[in-house]
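Work through the exercises below with the model open beside you. Each task is followed by a solution in short steps.

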Amino acid sequence: MKRKIILKLLLLLAFSVTLYSCVHDEINSSANPSNSEYTSKSLWKEDEVYIRNVMKIYLEHETEIKKVSGIPYWDYATTLESYDESFLMVPIVEDNKVTSVLQVPRHGTKVYFYYTNYKNHLDFFQNLIFSEYKKVLPTEKSSAATGKGMKCTRTFYSVWMPNNEGNYNTGGGDGHWNTYSIVKCRQMIDECMGAVNEYGECQGGGGSNSGGGYGYPGGGGNNPEPPKVDPCQKAKIPMTQANATLKNSASQQKMDAVLKSKIQNANEFGVALGTAANGQIEITPPKEGTSSSVSPPIDQLSNPNSVFATAHSHAGAFGAPSGGDMFSLLERMIMYPNMRYSYVYGIANGVSEIYALVINDRALAADFLNQYPRSQNYDTVTHDFKEGSNLYEDFTAMRYMYGFDSSGNTSGESYDKNAIAMAHILEKLNSGVSIAKADVTGNLKTINASIQTITKPNGTIEEKPTVSKCP
Amino acid sequence: MKSIFKKTLFASILIICSSKAQTTTDYINFYNTVVPKLKSITPSKTQFYGQPFSIFYNELRNRNINLVGLVYDTKIKPSTKYHVVSLFFCDATMISIASKNSFRYPIINITFEDEIPSQIISAIEQNDSRWNTSLIQLFSNLKIENIKFIGINGYESSDRTIK
């Protein structure tokens, strides 16, 4: 009897061990996705060619690349709707928790590995991997909230969260959907856990060999590196045209000379520029406003709908356009089909100066205004960005950062901090608008302002404002 | 010799520590430390109106709120008369982290009754927007017209109400 019981217990033990082994194998196979097999468990269509190629490179160079503990869950890698072998993100998991995200962009024939730990990225993958019930929501493509003119893609999905444990009647029981999203912007490389090179690019394990990065098979095949948006190239034609208008003899006489003579006046003056029936530039007589505003007399043009520019003087103040000037240009652009320039005259240290806001992409500019409307971002009292608003935040951040360190200004020009901050938000938010200042020769030159992550000679990593002007 | 070795070791440790990049987590910790202290002042902020800046500054110090930097501004644009300062409680790198993550960052905007003297503007420029003891003296007698607390409703809050 006793022997039978022992035998039964042994059988039970053997069965338990077998069962445990099966379960363990299953767990291992799903929880150890860094092996050479890849089966997409993503909710979206992925660029599997890129994922497989990057995975192969990673496995070959893991000891060099790996900078954090945890395992890459390649099955959950996502290329976030890019299919040109250019970018992926893969979650790094340790003890069932997503602890960081490995991002792998391709630049030409090389791929670069860097680790980030954005909270929203971690939440996104944590729930994507470990939540049982999920549904995909439409992807949102945004032309705003970008850096350096790159478009961002926001990918959404929802996870069913039961209010009571065990109640998994998806969508119908006692519970709710939680929505998670992730944004892909190539410039969001600020939480790098590895080294950052002299160009502000995070090397994060990607690059001690061959000047950084790892060779990508085929160099991206038929998919070369996506072209970078050059802010100077983007603004070149519109800025050339804005300069041509500024240098036009009629403009020099009726706009430039007139407004330069008003910059020390107690009030602002404004003119409107349109196209006359004979095709020549038509410029209104100057209209006097108050000490801090003027509405250029567009209605005095023979055909107000032909207006393509306004110009005004600041009363004894710098020429840097205010937030109000920016909104006025954008709103007039919506009202008038040809509107594209706003010239602003001012005085700095006793010398006249000219700034200009120039529309370089009407569709982007309309999107920008739609996303950051005057009603939410403008203060009618200060004539500037409303304190605490979206635009105020970015504007003031740049003013502060440039005050901290202005050594990144390689333009050779002395710009008003407000103009630099304006250039920063226009560029960062892909506004379709450029800001320029006339140089000593009187030519308008686009101002570029952005924030770069740099490594100082002593090894410290800093966020540095960089300012330049286009040729 | 031993002393030099110790000093070198200490300096090396300092360099290694200071080389650590500030992260989003650092920013969130900073925000969650400073903002509750700022919030505790908002109900009584009007008591500082018409008073010299030094009294408000002492209140900040009493609550262990450290100023790190500042920028000056005009009441209205365009103008060359500066009446406003924005006080910051972290350095530029932290502000960049906030900006890149679309986080709110806390600042106090103080409008002074009188124009900020050019001597103070020059001092701010010379100090690269960093707060220091010489600025405390320069600002001490300027009378406050109003105080606004910005970005203190949560680092991810969509509530942009000014307190």
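A residue is buried if 20 or more other C-beta atoms lie within 10 Å of its own, exposed if 12 or fewer, and partly exposed in between, with C-beta atoms placed from the backbone. By that count, 32% of the 163 residues of chain B are buried. This is a predicted model: local features need pLDDT of at least 70, side-chain atom pairs count only at pLDDT 80 or more, and totals for chains, interfaces and linings use all residues. Residues are numbered from 1 along each chain as its sequence is written, while chains are lettered from A and ligands numbered from 1 in the order in which they are written.

**Exercise 1. Lay out the secondary structure of chain B.**

Step 1. Fix the terms: helices (H or I, at least four residues) and strands (E, at least two) are DSSP runs, numbered from the N terminus.
Step 2. Count them: chain B has 6 helices and 4 strands.
Step 3. Read along the sequence: the pattern is α-α-α-β-β-α-β-α-α-β.
Step 4. Check the contacts. Two residues are in contact if their C-beta atoms, placed from the backbone, lie within 7 Å. Among contacts in chain B between residues at least 6 apart in sequence, 65% join residues at least 24 apart.

**Exercise 2. Test the length of helix α2 of chain B, then find which residues of α2(B) are buried and which are exposed.**

Step 1. Take the expected span as 1.5 Å times one less than the number of residues.
Step 2. Apply it: α2(B) holds 16 residues (24-39), so it should span 22 Å. The end C-alpha atoms are 22 Å apart, which agrees.
Step 3. List the buried residues of α2(B): T24(B), Y27(B), F30(B), Y31(B), V35(B) and L38(B). They cover an arc of only 115° around the axis, so they sit on the same side of α2(B). The arc is that of the directions from the helix axis to the C-beta atoms.
Step 4. Turn to the other side of α2(B): T25(B), N29(B), N32(B), T33(B) and P36(B) are exposed there.
Step 5. Name the packing partners. The buried residues of α2(B) pack against α4 (119-130) of chain A, and against α4 (92-100) and β4 (144-150) of chain B.

**Exercise 3. Describe the side of chain B that touches chain A.**

Step 1. Size the contact: 32 residues come from chain B and 36 residues from chain A.
Step 2. Find the elements of chain B that give two or more residues: α1 (2-18), β1 (69-74), β2 (82-88), α4 and β4.
Step 3. Pick the top contributor: α4(B) gives the most, with 7 residues.
Step 4. Sort by class: this side of chain B has 11 nonpolar, 14 polar and 7 charged residues. Ala, Val, Leu, Ile, Met, Phe, Trp, Tyr, Cys and Pro count as nonpolar, Asp, Glu, Lys and Arg as charged, and the others, Gly among them, as polar.

**Exercise 4. Trace the sheet of chain B.**

Step 1. Set the criterion: two strands pair if DSSP finds at least two bridges between them.
Step 2. Read the order: an open sheet of 4 strands runs β1-β2-β3-β4 in chain B, with antiparallel pairing.
Step 3. Mark the edges: β1 and β4 of chain B each pair on one side only.
Step 4. Note the twist, which averages 20° from one strand to the next.
Step 5. Go through pairs. β2(B) and β3(B) (residues 107-112) pair over 5 bridges. S86(B) stands opposite N109(B), and L87(B) opposite I108(B). β3(B) and β4(B) are joined by 6 bridges. One partner pair there is I110(B) with I147(B).

**Exercise 5. Where is I121(B), and which residues does I121(B) contact?**

Step 1. Locate I121(B) in helix α5 (residues 118-126) of chain B.
Step 2. Classify: I121(B) has 14 other C-beta atoms within 10 Å, so it is partly exposed.
Step 3. Leave aside neighbours within four places in sequence: I121(B) is in contact with Y72(B), Y82(B) and I116(B). Y72(B) is 49 residues away along the chain, with the C-alpha atoms separated by 7.5 Å.

**Exercise 6. Find backbone exceptions.**

Step 1. Recall the rule: most residues other than glycine have a negative phi, and most peptide bonds are trans.
Step 2. Check omega: the peptide bond from K77(B) to P78(B) is cis, with omega near -10°. P78(B) lies in the loop between β1 and β2 of chain B.
Step 3. Check phi: S102(B), not a glycine, has a positive phi of about 55°. S102(B) is in the loop between α4 and β3 of chain B.

Definitions and conventions. Axes fitted to C-alpha atoms, helices over the stretch in contact; angles between N-to-C directions.
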